[in-house]
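Visitor: I'd like a close look at a single part of this one, a strand and whatever surrounds it. Could you take me through it slowly?

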Amino acid sequence: QVQLVESGGGLVQAGGSLRLSCAASKRTFSSRARGWFRRAPGKEREFVAAISWSDDNTIYADFVKGRGTISRDNAKNTVYLQMNNLKPEDTAVYYCAVPRDGSMSRFSEGSGAMDYWGTGTLVTVSS
């Protein structure tokens with residue numbers, strides 16, 4: 001069973017920072033792009049950021065540019081999302097996702113193009 005396990009969520013005040021982690025249980029994911037989506041209360045799941053596995057190519061949603069950094073540790077088969085200057089509107093469950101073909105281009109197609117998901121980690125930003 002392939003697993004993606006997120007961690008690092010929690011309660012933080014506005015302006016604070018968090019680092020989310022996504023660890024994969026299977027080495028197969030070490031050769032695939034991986035990314036983050038989020039679902040805020042009452043809203044659709046939306047793309048946050050993604051990173052390739054081979055050339056450090058990254059893409060970000062507009063709302064996270066300048067505040068977030070996605071990175072990876074190949075040795076740990078883990079992807080991170082550093083979020084700074086958090087806002088109350090960042091409150092959401094953050095999910096790690098991988099497309100079946102491992103392609104970065106899949107992230108532009110939205111959550112429907114993802115084939116593997118973690119169970120999510122809750123980020124709550126208080127004002």
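Visitor: Let's start at one spot: which residue in β3 stands opposite E6?

Guide: That's C22, which faces E6 from β3. Before going on, bear in mind that this is a predicted model, where local features need pLDDT of at least 70 and side-chain atom pairs count only at pLDDT 80 or more, while totals for chains, interfaces and linings use all residues. Numbering runs from 1 along each chain as its sequence is written, and side-chain values use heavy atoms, with hydrogens and water left out.

Strand β3 covers residues 18-24. Strands here are DSSP E runs of at least two residues, numbered from the N terminus. On one side, β3 is joined to β1 (residues 4-7) by 4 bridges, and the two run antiparallel. Besides the E6 and C22 match, S7 of β1 has S21 as its bridge partner in β3. S21 also has a bridge partner in β8, namely Y80. That takes us to the other neighbour: 6 bridges join β3 to β8 (residues 78-83), again antiparallel.

Zoom out a little and you get an open sheet of 4 strands in the order β1-β3-β8-β7, with antiparallel pairing. (Two strands count as paired if DSSP finds at least two bridges between them.) The edges belong to β1 and β7, each with a single partner strand, so one side of each has no neighbour in the sheet. On average, neighbouring strands of this sheet are turned by 15° against each other, direction ignored. Angles like that one are taken between lines fitted to C-alpha atoms.

So how enclosed is β3? Of its 7 residues, 5 are buried, so the rest of the structure largely encloses this strand. Buried means under 20% relative accessible area, exposed means over 50%, and partly exposed is in between, using a 1.4 Å probe and protein chains only.

The strand also feeds into the interior. The largest nonpolar core has 25 residues, and L4, W36, V48, I70, L81 and Y94 have the most contacts inside it. Here a core is a set of buried Ala, Val, Leu, Ile, Met, Phe, Trp, Tyr and Cys residues joined through side-chain atoms within 4.5 Å. At least two residues of this core come from each of β3, β5, β8, β9 and β11 (121-126). There's a second, separate core too, with 10 residues, including A33, F37, A50 and F107.

Y94 is a handy way back to where you started: residues it touches include E6, L20, W36, V48 and L81, not counting those up to four places away in sequence. Contact means heavy atoms within 4.5 Å. R38 is also among the residues that Y94 touches, and R38 is buried, with a relative accessible area of 6%.

From R38 we get into the charged pairs. Its side chain meets that of E46 in a salt bridge, 2.8 Å from N to O, and E46 is partly exposed at 31% relative accessibility. A salt bridge needs a side-chain nitrogen of Lys or Arg within 4 Å of a carboxyl oxygen of Asp or Glu. R38 and E46 belong to a salt-bridge network that also takes in R67 and D90. The whole structure has 8 salt bridges.

Another of them joins D56 and R72 at 3.1 Å, N to O. D56 sits in the loop between β5 (45-51) and β6 (58-60) and R72 in β7 (residues 68-73), so the pair ties together parts 16 residues apart in sequence. That gives the edge strand β7 a link to a loop through R72.

R38 has one more companion worth a look, R45, which touches R38 as well as F37, R39, Y95, S111 and W117, leaving out residues up to four places away in sequence. R45 lies in β5 and is partly exposed, with a relative accessible area of 21%. Its C-alpha atom is 9.8 Å from that of G112, although the two are 67 residues apart along the chain.

How values were computed
Axes fitted to C-alpha atoms, helices over the stretch in contact; angles between N-to-C directions.
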